Amino acid sequence: MKLYGYWRSSASYRVRIALALKELSYESFSVHLVKDGGEQKLPAYKELNPAQLVPTFIDGDVKLNQSLAIIEYLDQVYPEHRLIPEDPKEAAIVRMLALDMAADLQPITNLRILQYVAGELDAGDEGKVAWIHHWVERAFTAFEARLQKTAGRCCFGDQVTLADICLVPQVYNAQRFGVDLSAYPKLMAVNDYVCSLPAFQQARPEAQPDAQ
Ligand SMILES: N[C@@H](CCC(=O)N[C@@H](CS)C(=O)NCC(=O)O)C(=O)O
């Protein structure tokens, strides 16, 4: 298996956590998202993902983009340690929580959006940081309320699922940009618990070979 990603990319981080939870080994290839305007825009990488985003995942003749599609594939093909419950109602709750982070929050705080807000829209670095704080706070306020109903030690009861995999990278990003997280005690308790698990430790950005 091969994973093309970047140490600080939240979508790559999700796939790394899933691979670590399933104890699957893989070769890691770094795509530097910032150096020289971003290696994701080079023709060789565009062959792997025309959307010019990481991650790209390869397992034999299977070549995939989109972290959630990759994780669903891993969960079906390598079912040891299920990341999405088999029960349809439980699976839908886990997907709902995952999408709160992966579909509604991460895309609007992605690098190219931030570059556009800071540059083309002339908001500068200060405007960019204000943008991040605003959208993280909106998303985390709603997520904190959701967790009151769904969480145990993890987002969904005590079971580590796709929801935790999607939460942790967004908390990492929020901390990186100095968002005050004291208003989200349940969210942070879940984050801190799952981050203490060996698979999450192994997948964290600073533990990656391309970390700077
Ligand atoms: N929905 C995609 C999102 C992929 C994505 O946004 N990747 C980011 C890093 S987390 C990226 O490659 N950004 C490069 C850019 O914005 O130029 C997924 O889940 O895989």
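Trainee: How many Å separate the centres of domain 1 and domain 2?
Mentor: Good place to start, and keep in mind that this is a predicted model. The domain assignment divides the protein chain into domain 1 (2-81) and domain 2 (88-199). Taken over C-alpha atoms, the separation of their centres is 20 Å.

Trainee: What area is buried between domain 1 and domain 2?
Mentor: Let's look first at who takes part: 18 residues of domain 1 are in contact with 19 residues of domain 2. Carbon and sulfur atoms give 64% of the area buried between the two domains. That buried area is about 1600 Å².

Trainee: Which residue forms a salt bridge with Arg95?
Mentor: Across the interface of domain 1 and domain 2, one salt bridge is found. For the pair that includes Arg95, the closest N and O atoms are 2.9 Å apart, and a salt bridge is counted within 4 Å. The partner of Arg95 is Glu72.

Trainee: Which element gives the most to the side of domain 1 that touches domain 2?
Mentor: Two elements are worth finding in your viewer: α1 (10-21) and α3 (67-77) each give two or more residues to that side of domain 1. One of them gives the most, with seven residues. That element is α1.

Trainee: And by class, how many nonpolar residues does the side of domain 1 that touches domain 2 have?
Mentor: Happy to sort them with you. The charged residues on this side number four, and the polar residues three. The nonpolar count is 11.

Notes:
Residues are numbered from 1 along each chain as its sequence is written. This is a predicted model: local features need pLDDT of at least 70, side-chain atom pairs count only at pLDDT 80 or more; totals for chains, interfaces and linings use all residues. Side-chain values use heavy atoms; hydrogens and water are left out. Domain bounds come from an automatic or database domain assignment. Contact means heavy atoms within 4.5 Å. Buried area is the accessible area (1.4 Å probe) that two parts lose on being put together, summed over both. A salt bridge is a side-chain nitrogen of Lys or Arg within 4 Å of a carboxyl oxygen of Asp or Glu. Helices (H or I, at least four residues) and strands (E, at least two) are DSSP runs, numbered from the N terminus. Ala, Val, Leu, Ile, Met, Phe, Trp, Tyr, Cys and Pro count as nonpolar, Asp, Glu, Lys and Arg as charged, and the others, Gly among them, as polar.
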